[in-house]
Amino acid sequence: MRAIFKPFVIHAAYSPIETIVFFFIAVTLAYFHVISSIKHSAFFATSYSSILRPSYVLLRNNEVVTVRDNFWHLAKAKYSADASILPVELFPLEYSLDSVLQNKETLDSVIYFTNSNLAETVLNFTQQIPTSLSGFAYDKTCFRPVTGDTLNLEAPCFTDELVKPRAIHQTLALIPGVKEEFTTAFNRLIKSAIFDNVAFEVETKQVEAIGDMKGSKWVAYAASALVVRFWDLAKKADSLDIILILAGYILMHTTFLLLFYRSRRLGSNFWLPSAIFISSVFALLLSLPIAMWFHIPMDPVALTEALPFLVCTVGFDKPLRLARAVFSHPHLQRPVGGSSSNGQLKPAGEIVLEALSNVYTTIIRDYVLEIAVLIVGANSKVNGLKEVCALAALVLGMDCLLLCTFLSSILCVMVEVRRIQSIRAISKSKAGSVVTSPTSSPKLQPSLGKKISSLVLGEKGSSLPATKGKTQAKSENPVARLKLLLIITFLALHILNFITPLTPRSLVPQPVNSFRKVDISTPAIQHALNSLAATEHIDAQVVESSESTEHGLVVKVNPSIHVRVIPLDSDLTASVSPSVSVAPTSRSTSEMVESFMSSWSRLVGDPVLSKWIVMVLALSISLNGYLLKGIAAGLGGKASVAKLGGVRFGGDNAPEPPVIQIQPQSNPEPVIAPQPLTPAPPSAPPTFSPIVVPTPPTPRRPATFTLDEVDRRLKERRLAQDSSSAASSSGSESENMVSNDIVRSLEECIDVFENGPRPVSVALSLLNDEEVILLAQNGKIAAYALEKLLGNTEFERAVRVRRALISRASATQTLEDSDVPMTNYDYSRVMGACCENVVGYIPLPLGIAGPLKIDGHLFPIPMATAEGTLVASTSRGCKALNAGGGVTTVLTQDAMTRGPAIDFPSIVQAAKCKAWIESLEGYSIIKEAFESTSRFAKLRNLKCAMAGRTLFVRFATATGDAMGMNMISKGTEKALEVMQKHYPDMITLALSGNYCTDKKPAAINWIEGRGKSVVAEAVIPGKVVKSVLKTTVEALCNLNTKKNLIGSAMAGSIGGFNAHAANILTAVFLATGQDPAQNVESSNCMTLMEPTNNGEDLLMTVSMPSIEVGTVGGGTVLAPQQAILEMLGFKGAHPTHPGQNAQSLARLIAAAVMAGELSLMSALAAGHLVRAHLVHNRSQLNTPVSSRPVTPGGLLGTETGGVVGVKA
């Protein structure tokens, strides 16, 4: 899993904005896909035809009153010519230029009835309808107005017309019971009628599907359908099911409240809970298309029921764990190197990556366990449960991906925002002064509102560590385990049918009959009813004499009949105004732009997407404005402004305007130029003069810090460095670059240093080297802290300035222009790891001996040495060993040691502790504590010794590919802490009590071993001894016994039974980055030689019990040493077998020592040693000239000439 998510996490951490934008786009596309699926799903598809029922109204005294249908039927049953309540049926007819069918085109939108000849034609047709209905007696069935107390059969039939721009509404009034005959006759008339080149077509309105709805109409329809169907199911459901769903929704809202509460404890009231919530919503939206692709059936009602289950399953504990790890990071507000690191903060991406790596294992474990349980539920046979579990598993997987990418990107942005907020708060609290500590802002008394909110909602930021830089070691939150148990319980209850899910009854949507009545509030119906009410005339006398108390018309308003008007002659559409031009077939650019803008308007008209876009734009504008404001104020965490060759000068090739220096007229004395920092020519010996602070010229240059000043200074320094590097690469030391800048006064330099732009490295970049030296000489800058003050990109400048400071303060003042190299070296690997107060580096000659065949493989032997003949002699030994088949090595032990000294009140307690350590129980406890500090540290054994009340414990530990002193020291401290709990009276005198023993001769290292213990063996044929080594087997064996064994024993040597093992071992140590001081114990060696094969051949062994080497840490981090290890194939840690690289290096050293031993012993046996050194190590050509007069008298020669071990 780590390998899958690692590239996504790294990209999200270092490209947060791109990641956030990508997921917003992906979620938007997923949203469109989900919306399209919802609008075209079978759940919302209407399985019925919408029925439009008539409406009934009562017209009385010019009033319109809505009545029920039974009132109409009662009046119809009592219908007679003298009835007080007369029933009437209205038939609305709509003649329209627009079609109600979606697949038919309509006439041009500029054609209206009100401005064309078409209206007159349609009105003429409507007037002839009563006489044109074949098979229908319109005159006998139409309604005539009431005059007096009876119907007037001579009165005209009631009709009403209303002309609109695109439609003409005609309303006919008929007596009851003739609806079917009239509809049939009217349809027959329309089908056969072409009146004055105008065709008519009756159209039936289609039911609008949800997929055809626009705007927010479909949202309202979908919500109403969902609520209605869920309500129908709830009415049929058991009470227990309703209670369980209600409890689920209560738990869901409790989860939201807990998210807000825990986010507040992490210091965020809104942005963190919003980000976590949005991440979970995104996971759901991205999971839905995947679920559709896998053909997982989903029902909206089922999703509504399962929503609390999904929320509680996904939960927010894992994102909160990641956020807590990020906001509790020790370097969130602190510089990487502490308070003296020049204010450089660790990048936000690295903080999120480290926090994620700390909690990655537990988070992924919880995800995997929960998904596994949900997969079990998805494979069950319970309807509804398997679909919900499958969807929940997909949501959890997507939530895991979004946590590692989308949420990590948001946390990166939040880290930067928190830093800007912190620095801006400090800047406001200390306006006008240099900020030195983030805790210096004054603490204000909290208001009453803040006290109440802290009491109710909890203290803001209370879950963050109280002490900056210290992480809280908290036990694992049991919420994750509880949630997993709840999920398992929920699935078990469903599978065992202890509770009845609602989803099976909602899987198939039930048809619902929907009846709607005719809308009488439309203008056409209202116009017809008002006209009908105005024609009703009943005498008052008749009303008074009548027994009936109610008189009027009860009207049945039938659904409108839609007739589409199709003009067949273009002359009919000609308006009074000029005719409308026909659009060309080819679309112009403006039309295409207009079409695109119209499409975009419809797109953003979506009720959800429009708010989404507005919210994202507002958030983006506010966040960018806030970040830009912080950057403009110079509040960034990284001192990137001081980096040379930045983007400000990338394309600027214009020459700088010349700076005119005005010499002061009041002071004719010349200004003493500063000493150049580059080496002087060898032909002229350097002269040294004291530093004189120059008098500033008039007019005095003010210490300004505008952006132009910063740019000018940075460009001058870049050009100066380019010229310096070009001069050094060409080898011309005489053409040294001299700065043209005049050294400013001490007061100006202090002003720049203290009041310049922050961090300090930016201010110091405005000063040249001489001005920085001036500050250091006056105590404003410590020489040892130059790297931290100048910045991580100015290591070489720090070395150059320190070199000048030390040289000018010394008696000889030669270091600044000496031959000690300084440039072209990676000092970033040195700082904080290998050396302090660096003024350069010492190059050593590097030679390669061999190759030598070791355990069947050929290896070159790298040797860094200043002793002549050493590499050549070792190469001769390699040649002889290879002739015999090479060297065979065995590793007998691998254990670095550390021996602390522990005091006890009495020898009795010391003895008890010694017995406890040597017992199985004590050893197990100490071993567990020791190995908990590192995954590479493996405790091998413990050796105890008492000296009075002091107990010495020698820890022997395997340390992987590291040499292991730091690793074993850390483990020893932890073991001593555990021992302190069992023996409270013990006092640790020293972590190293010289019982180790490190960098000192000691018999315990020779006897017990330390580091790697290696034994090497080789057989050299006798003819090779004679031809290559120029001696015999018998002479070599005799010399080895008398010199290496008896001679060393006579000297009381410890581990020195060899000729010059330290010579070869130290040379290899220097070449591979080992600690040279450890050659004391590492060169413990016993060289044995004996004849074999009936005295014809030489059998040679080398035993080295304490070779202390590593391929990780220490000097192995330096680039040249790493290159040597890479050449050997031993660089870094072994990928599969920890410790194998360091063990292989120890084997190589033992074999190389054997080659050196064999060659030197052969030279001594043959008497060639002095002659070889005179040829290779005493050449007069390379002898340096003495710096002092030669002492009178003869020179004393030496036999060995520097070969270690020969003097003995």
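Q: Angles under 35 degrees count as roughly parallel, over 145 as roughly antiparallel, 65 to 115 as roughly perpendicular and the rest as oblique. So why are α9 and α10 called oblique to each other?
A: Helix α9 (residues 239-265) and helix α10 (residues 271-293) pack at about 135°, and that angle falls in none of the named ranges, so the pair is oblique. The angle is taken between N-to-C directions and runs from 0 to 180 degrees, with axes as lines fitted to C-alpha atoms, for helices over the stretch in contact. Helices here are DSSP runs of H or I with at least four residues, strands are E runs of at least two, and both are numbered from the N terminus.

Q: What kind of model is this, and which atoms and residues count?
A: The model is predicted: local features need pLDDT of at least 70 and side-chain atom pairs count only at pLDDT 80 or more, while totals for chains, interfaces and linings use all residues. Residues are numbered from 1 along each chain as its sequence is written, and side-chain values use heavy atoms, leaving out hydrogens and water.

Q: What makes α9 and α10 partners in contact, and which residues meet?
A: Contact means heavy atoms within 4.5 Å. On the α9 side that picks out F256, L259, F260 and S263, and they meet L272, P273, I276 and F277 of α10. By class, this contact has 7 nonpolar, 1 polar and no charged residues. The classes work like this: Ala, Val, Leu, Ile, Met, Phe, Trp, Tyr, Cys and Pro are nonpolar, Asp, Glu, Lys and Arg are charged, and the others, Gly among them, are polar.

Q: Why is α12 called roughly antiparallel to α13?
A: Helices α12 (residues 317-327) and α13 (residues 348-378) pack at about 160°, with axes 8 Å apart. That angle is over the antiparallel cut-off, so α12 counts as roughly antiparallel to α13. Among the contact residues, K318 and R321 of α12 and D366 and E370 of α13 take part. The class tally for this contact is 10 nonpolar, 1 polar and 4 charged residues.

Q: How do you know whether α36 and α39 are parallel or oblique?
A: The axes of α36 (residues 1061-1072) and α39 (residues 1140-1166) come within 8 Å and cross at roughly 140°. So α36 and α39 are oblique to each other. The α36 residues in this contact include I1064, L1065 and F1069, and those of α39 include L1148, I1149 and G1156. This contact has 10 nonpolar, 2 polar and 1 charged residues.

Q: What makes C142 and C157 a disulfide?
A: A disulfide is a pair of cysteine sulfur atoms within 2.5 Å. The sulfur atoms of C142 and C157 are 1.7 Å apart, so the pair qualifies. With -45° about the S-S bond, the link is left-handed. C142 sits in the loop between α6 (138-141) and β5 (146-147), while C157 is in the loop between β6 (150-151) and β7 (159-163), 15 residues apart. A search of the whole structure finds 1 disulfide.

Q: Which residues does UniProt list as "transmembrane region"?
A: The unreviewed entry lists residues 12-32, 240-261, 270-294, 390-415 and 484-503. Those positions use the numbering used here, feature names are shortened, and annotations may be inferred rather than shown by experiment. In the model, residues 12-32 are 95% helix and 0% strand, with end C-alpha atoms 25 Å apart. Residues 270-294 come out at 92% helix and 0% strand, and their end C-alpha atoms lie 36 Å apart.

Q: What is the omega of the cis peptide bond from G850 to P851?
A: Omega is near 10° there, and P851 is in strand β13 (residues 846-854). Another cis peptide bond joins C996 and T997, with omega about -5°. T997 lies in the loop between β19 (987-990) and α33 (1003-1008).
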